[in-house]
Amino acid sequence: MSSQFVDFNADGHLDFIAATYEGTVFLVAGSKDGWGQPQHLEDAKGRNIVISLYYDMEDNEYKNANRSPKGQKDSGDHCVSATLFDWDDDGDLDLLLGAYDGALYRQMNEGKPGAPAYTGVNIPVEAGGKPFEMRGGLTAARLVDWNGDGLQDLVCGGFKGGVSVLVNKGQRDKPRFGAPKTLIAKAKRNGAPSEGLYVDPVDYDGDGDLDLLVGGIAQVPSEQTPLSDEEAVNLDQWMNKLEKLEAQSIALYENLEKALANFSKKEKRAALKEFQSGKAMQMLEDSIARLYTKIGKLESAPARESGIWLYRRR
């Protein structure tokens, strides 16, 4: 659900590009008379631009279109962001496609300005020598010269919190991104954005360096009802037990992630579904849910509020 204003058709007017949760990419052409109707962005074969998984609005069901390079396994990824960028510095606009699960792909344009011809093949973008994946899911990637060396770097926000930068260590026509570096850690306190972080680098205060505007959702403390001594003891015990059970759950998921490291995205989803439906995991999740119910009766849950936060660069 990212968006970008860019002169896509090289007519001197800004156009609007956006990916949606349908899994496709839309273009709204701009002109001297205003804006046109949204149209699907297509590749050279006339197919809608997708990564793999997409929702067919006519058949009302999810479908899979394998657009991985020849010989590679189908990623099964679902496109949620699109950014135009001249990857190979040849004068036309290529595509960066962000996936809900955190991966990033590039699709090359073999046409020319005003007459694009996208290959329909999605090549994984690497960071630090391996396919990039934003833990917790990628909201969108923003291109900006973060370190002032004249090359475009990638600044990425996460669905589960946090903002990272991938510094470009290559050349103008051959980007090569380093391993992700944390710019904003996942929030551990109420009041800071912790979910759905969409980021835009901008020199907000005009001091010559780039700050970060971050849209997202924060947990805001609610007014607490006074507790009796017995209730306070129970709440403390339940919170401690919940912390241990959630740590156990996290450890199980981390072990599963390591075990599936060499599996395809499609195989990982199938294994995850089987894991989550297993008796042991169901019992653990049920125990966690019962504790949340008990705690919820004594402790006021924090409210979820959306907003925009400014992080000034030091």
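These questions and answers cover two sheets of a predicted model.

Local features in this predicted model need pLDDT of at least 70, side-chain atom pairs count only at pLDDT 80 or more, and totals for chains, interfaces and linings use all residues. Residues are numbered from 1 along each chain as its sequence is written, and side-chain values use heavy atoms, with hydrogens and water left out.

Q: Why are β16 and β17 called paired strands?
A: Strands are DSSP runs (E, at least two residues), numbered from the N terminus. Two of them pair if DSSP finds at least two bridges between them. Strand β16 (residues 153–158) and strand β17 (residues 163–166) have four bridges, in the antiparallel sense, so the pairing criterion is met. Gly-157 stands opposite Val-163 in β17.

Q: What makes β15 and β18 edge strands?
A: The open sheet has the order β15-β16-β17-β18, with antiparallel pairing. β15 (138–144) and β18 (181–184) each have a single partner strand, so one side of each lacks a neighbour in the sheet. From one strand to the next, the twist averages 30°, with axes fitted as lines to C-alpha atoms and angles running from 0 to 180 degrees between N-to-C directions.

Q: How do you know that β19 pairs with β20?
A: Seven bridges join β19 to strand β20 (residues 211–220), and the two run antiparallel. The criterion is therefore met. Val-202 stands opposite Asp-211 in β20.

Q: Why do β19 and β21 stand at the edges?
A: Three strands form this open sheet, in the order β19-β20-β21. β19 (193–202) and β21 (303–311) have a single partner strand each, so one side of each is without a neighbour in the sheet. Its neighbouring strands are turned by 15° against each other on average, direction ignored.
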